[in-house]
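This report considers how two protein chains meet. Please keep the sequence and the model at hand while reading.

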2 protein chains.
Amino acid sequence: MPTVSRHTDAIAASRVIGTNVYNTAGESIGSIEDVMLDKTSNGIMFAVIGFGGFLGIGEKYHAIPWSLLDYEVDKGGYVVPFTKEQLEAAPVYSINELTGADGTRARDASYDYYKVDPYW
Amino acid sequence: MPTVSRHTDAIAASRVIGTNVYNTAGESIGSIEDVMLDKTSNGIMFAVIGFGGFLGIGEKYHAIPWSLLDYEVDKGGYVVPFTKEQLEAAPVYSINELTGADGTRARDASYDYYKVDPYW
């Protein structure tokens, strides 16, 4: 019999993309648009979280360190340990800035802002 | 001016998925179906490569360590340093086995088969 686990350590990138993200107060802050992968270090750079905008127009994006995303089965989404104010004050980028060649700069700023130890 | 780099260290998961994979002889061996992410270690577990089958029926999947995929601009795809015979003899799985909760077992077998040092 296969082991049934709802809180697994392995997750497919295609399942992560599109998942909702909530803050500590349970408010929806957006959804995961993409996940940036690091070729050099085998590390997951960050999740790209989209918020605001309408039909993609005026939408802004955050880079949030992967290790900060905690999946909660009850909510069916990820919870990040920040208030709405903390998230609103975080660096924002265009989708091209985050998923382009220069993602490392956004990664560094994000790990710095959220005070997460670099994996690299 | 932004730095133009065609061989970047950062790549979006959504762009990786669907990319063709070739072996050392330049033969197409399939395409990347998904990328498995590790919650525990911030590491990229492996790429899921589909080959064979027809319209998804009878298709088999390999787990290939992320660090073995080298993007070649000329081919517009990834090249893995193996012969067709080596790849055919590698462990195969169903898509559910690779992207489900039990991906760790396939990861371990894959790193062992391809002689890649564990990142975890």
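The account below treats the interface, its elements and its symmetry.

The model is predicted, with local features requiring pLDDT of at least 70 and side-chain atom pairs pLDDT 80 or more, while totals for chains, interfaces and linings use all residues. Residues are numbered from 1 along each chain as written, chains are lettered from A in the order written, and side-chain values use heavy atoms without hydrogens and water.

The size of an interface is often given as the accessible area lost when the parts come together. Here, chain B and chain A bury about 2700 Å² between them, and carbon and sulfur atoms give 52% of that area. Such area is found with a 1.4 Å probe and summed over both parts. B:Leu37, B:Lys39 and B:Asn42 supply 28% of what chain B buries against chain A, more than any other three residues.

| Feature between chain B and chain A | Value |
|---|---|
| Salt bridges (Lys or Arg side-chain nitrogen within 4 Å of an Asp or Glu carboxyl oxygen) | 0 salt bridges |
| Polar contacts (N or O atoms within 3.5 Å, one able to donate a hydrogen and the other to accept it; residues adjacent in sequence count only through side-chain atoms of both) | 18 residue pairs, both at pLDDT 80 or more |

On the side of chain B that touches chain A, strand 3 of chain B gives the largest share, 5 residues. Strands are DSSP runs (E) of at least two residues, numbered from the N terminus. Strand 3 of chain A (residues 28–38) runs antiparallel to strand 1 of chain B, joined by 3 bridges; pairing requires at least two DSSP bridges. A:Asp38 has B:Ala10 as its bridge partner in strand 1 of chain B.

A turn of 180° and a shift of 0.0 Å along the axis lay chain B on chain A with an RMSD of 0.0 Å, superposed by least squares on C-alpha atoms of residues with pLDDT of at least 70 in both. The two copies are therefore related as by a two-fold rotation axis. In chain B, the C-alpha of B:Gly43 is nearest the axis, 2.3 Å from it.

Note on methods:
Buried area is the accessible area (1.4 Å probe) that two parts lose on being put together, summed over both. Helices (H or I, at least four residues) and strands (E, at least two) are DSSP runs, numbered from the N terminus.
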